[in-house]
Amino acid sequence: MSDSLAKAREVVRGARSLVALTGAGISAESGIPTFRDAMTGLWARFRPEDLATPEAFRRDPATVWSWYAARRALAAAASPNAGHRALAELETACAARAAGFMLVTQNVDGLHHASGSRNVVELHGNIRRVKCFEQGHPAASWDPDAAPPRCAVCGSMLRPDVVWFGEMLPAGALDAAMHAAARCDVLLSVGTSGLVEPAASLPFAALEAGAVVIEVNAEATPLTPHATFALRGPAGTILPRLAE
Ligand code: OAD
């Protein structure tokens, strides 16, 4: 084990309050494409403004609904990987020693819940949930052949319950995440390029407050030079070592 990994593991073991921030990279080993990885990233092939904005949905609801339906099917077929499981184990270990733990995710695939994580803040919503575009009425079922289906309550188009570019984050989610990041003593940033605000500010809020920040990522990011420990490699390999 590298020296920095061993030191980072000791820091995690002694954390009084741990925040884990995750991005698409933690689900890559579950077969879910990331957004900006050069070859496989979704945004590497599509332009977000063409698919992930209210304007795109108004312009072409069938294409946007179908694209999210395909991503929802991918998420439903995916299984948590060792990285997700390691974070669930860390949460259990923190609870056993009365240490705080919060998992803040930018991901919408639901794999943290599926791996047993409990205190999960979904900053960008959850692709498995569907609501209507005009009123936000939740939909538990819908016509599988319609693209997009209609709300049974108000008749407006149904959409995925995820945050689109230009939209507000779920009320309370960002406050809870910012509050925890500013008060934790260790923040783990895992599998995120750190390019999308406000999530990208969370590790810096933790640094400002004097916390140790450990980055686990396949490549360098804007956070890397500022992180206390920058552990380069797959989350599915590194996180279990940190959680040992
Ligand atoms: P990105 O695709 O921007 O970044 C994924 C990061 O994970 C990259 O830095 C990869 O190098 C890294 N990575 C890939 N595979 C990995 C692995 N196996 N282990 C560790 N790291 C790995 O995804 P996000 O940072 O999550 O928002 O993107 C943030 C937001 O931008 C998303 O939530 C989404 C997107 O637009 C909205 O749609 C609102």
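Contact here means heavy atoms within 4.5 Å. The exercises below use that meaning on a predicted model.

**Exercise 1. The core around Leu188**

Find which residues Leu188 touches, not counting residues up to four places away in sequence.

Solution.
1. Start with the largest nonpolar core, which has 26 residues. Leu188, Ile214, Val216, Leu231, Leu239 and Leu242 touch the most other members.
2. List the elements that each supply at least two residues of this core: helices H1 (3–13), H7 (82–96) and H11 (235–243), together with strands E1 (17–22), E2 (100–105), E7 (186–190), E8 (212–217) and E9 (229–232).
3. Now take Leu188 itself. Leu188 touches Val19, Ala20, Leu21, Leu87, Leu90, Ile214, Val216, Leu239 and Leu242.
4. Apart from this core lies another, of 20 residues, including Leu123, Ala181, Ala199 and Leu223.

**Exercise 2. The sheet and its helices**

Give the order of the strands in the open sheet, and state which strands stand at the edges.

Solution.
1. The sheet has six strands with parallel pairing, in the order E3-E2-E1-E7-E8-E9.
2. E3 (120–122) and E9 each have a single partner strand, so one side of each has no neighbour in the sheet. These two strands stand at the edges.
3. From one strand to the next, the twist averages 15°.
4. Look at one pair: E1 and E2 run parallel and are joined by six bridges. Leu21 stands opposite Val104 in E2.
5. Add the helices. H7 lies across E1, E2 and E7, at about 155° to E2, while H11 lies across E7, E8 and E9, at about 145° to E8.

**Exercise 3. The setting of Asn107**

Decide whether Asn107 is buried or exposed, and find its surroundings.

Solution.
1. Locate the residue: Asn107 is in the loop between E2 and helix H8 (111–114).
2. Compare its relative accessible area, 7%, with the cut-off for buried, under 20%. Asn107 is therefore buried.
3. Leaving aside neighbours within four places in sequence, Asn107 is in contact with Thr22, Gly23, Ala24, Ile26, Ser27, His112 and Gly125.
4. For Gly23 there is a distance: its backbone oxygen lies 2.9 Å from a polar atom of the Asn107 side chain.

**Exercise 4. The ligand**

State how many residues surround the ligand and which are the closest.

Solution.
1. The ligand is surrounded by 24 residues, and the closest are Ala24, Phe35, Arg36, Thr192 and Ser193.
2. Check the backbone atoms. An oxygen atom of the ligand is 2.7 Å from a backbone N or O atom of Ala24.
3. A polar backbone atom of Phe35 is 2.8 Å from an oxygen atom of the ligand.
4. For Ala235, a polar backbone atom lies 2.9 Å from a nitrogen atom of the ligand.

Key. Residues numbered from 1 in each chain as written. Predicted model: local features only at pLDDT ≥ 70, side-chain atom pairs only at ≥ 80, totals over all residues. Heavy atoms only, no water. Core = buried A, V, L, I, M, F, W, Y, C linked by side-chain atoms within 4.5 Å. Buried < 20%, exposed > 50% of the residue type's maximum accessible area, 1.4 Å probe, protein only. Helix = DSSP H or I, 4+ residues; strand = E, 2+ residues; numbered from the N terminus. Polar contact = N/O pair within 3.5 Å; in protein donor to acceptor, adjacent residues only side chain to side chain. Pairing = 2+ DSSP bridges. Axes fitted to C-alpha atoms, helices over the stretch in contact; angles between N-to-C directions. Near = heavy atom within 4 Å.
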